[in-house]
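Reader: I would like a close look at one part of this model, with the criteria behind each term spelled out.

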Amino acid sequence: MKSKTLNKLEAIQGDITRLKVDAIVNAANTSLLGGGGVDGAIHRAAGPKLLEECRRIGGCPTGEARITKGYNLPARHIIHTVGPVYRGKPSDSRLLQNCYDNSLALALANNIASIAFPAISCGVYGYPVRDAVTIAVNASCRFLEKNPAFDKILFVLFSKHDHDVYVDHIEKLKKKTIICYFYRQY
Ligand code: ADP
């Protein structure tokens, strides 16, 4: 993995609704009609027009993604994706990976160059954050290597614990990349 790719990833602690990026990602449910957690926070901050647009879309299967306007948010767009409920089965990781792949593909198709992800499925859907971070970061790096014009992928974590897990994972990958670089030189 290139260090240029890893430098486009950043994990921050905070509220995703306050970010001024091209798009924020919502960890929605299949109805797309709002819910608790980050979904509720996004609907509250974006305002009632978001719900109207979501109603017109008419739902989203697990692993897929849909795009709406950002309305009252600082972000221009919202990409709604539906994470899997964690059951400890192999299909969980495939579906979570689909969320990242499909959200990023939709971003690319809509001229989005900066995006912020919450920890999809890591709240009420129960996905272990240490497993989820690997999927999130691998999918993001694969996408960035294929699309070098893409600017930035942010991971916005609500809790300090989740933030520390993400930072630790990204830092370890950066160290590995530097060591590999030196091995290639000498
Ligand atoms: P899911 O149903 O996919 O698990 P949740 O909304 O329950 O979705 O949780 C996903 C993650 O989003 C959790 O780690 C939760 O702490 C976090 N979260 C909740 N509110 C916000 C917010 N305003 N900004 C960023 N992350 C948030």
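Is Glu10 buried, partly exposed or exposed, and at what relative accessibility? Please start from there and work outwards to the salt bridges and the sheet.

Author: Glu10 counts as partly exposed, at 35% relative accessibility, where buried means under 20% relative accessible area, exposed means over 50%, and partly exposed lies in between, with a 1.4 Å probe and protein chains only. This is a predicted model, in which local features need pLDDT of at least 70 and side-chain atom pairs count only at pLDDT 80 or more, while totals for chains, interfaces and linings use all residues. Residues are numbered from 1 along each chain as its sequence is written, and side-chain values use heavy atoms, with hydrogens and water left out.

The side chain of Glu10 meets that of Lys152 in a salt bridge, at 3.3 Å from N to O; the term requires a side-chain nitrogen of Lys or Arg within 4 Å of a carboxyl oxygen of Asp or Glu. Glu10 lies in strand β1 and Lys152 in strand β6, so the pair ties together parts that are 142 residues apart in sequence. Helices (H or I, at least four residues) and strands (E, at least two) are DSSP runs, numbered from the N terminus. Lys152 is itself partly exposed, with a relative accessible area of 24%.

By the same rule the count comes to six salt bridges. Another of them joins Arg76 to Asp22, with the closest N and O atoms 3.6 Å apart. This pair also links distant parts of the chain, since Arg76 is in the loop between β3 and β4 and Asp22 in the loop between β1 and β2, 54 residues apart. Arg76 is partly exposed, at a relative accessible area of 46%. A salt bridge within one element is formed by Lys160 and Asp164, whose closest N and O atoms are 2.7 Å apart; both residues lie in helix α6 (residues 160-185), four residues apart, or about one turn of the helix.

Turning to the sheet, six strands form an open sheet in the order β1-β6-β5-β2-β4-β3, with mixed pairing, where two strands pair if DSSP finds at least two bridges between them. Strands β1 and β3 (65-69) stand at the edges with a single partner strand each, so one side of each is left without a neighbour in the sheet. From one strand to the next the twist averages 25°, with axes taken as lines fitted to C-alpha atoms, for helices over the stretch in contact, and angles running from 0 to 180 degrees between N-to-C directions. Strands β5 (residues 114-117) and β6 (residues 152-157) pair in the parallel sense over four bridges, and the bridge partner of Ala116 in β6 is Leu154.

The loop between β1 (9-13) and β2 (23-28) also holds Thr17, which is buried, with a relative accessible area of 10%. Leaving aside neighbours within four places in sequence, Thr17 is in contact with Ile24, Ala41, Ile42, Ala45, Leu73 and Pro74, contact meaning heavy atoms within 4.5 Å. Helix α2 (residues 37-46) lies across β2 and β4 (77-82), running at about 130° to β2, whereas helix α3 (residues 48-57) lies across β3 and β4, at about 140° to β3.
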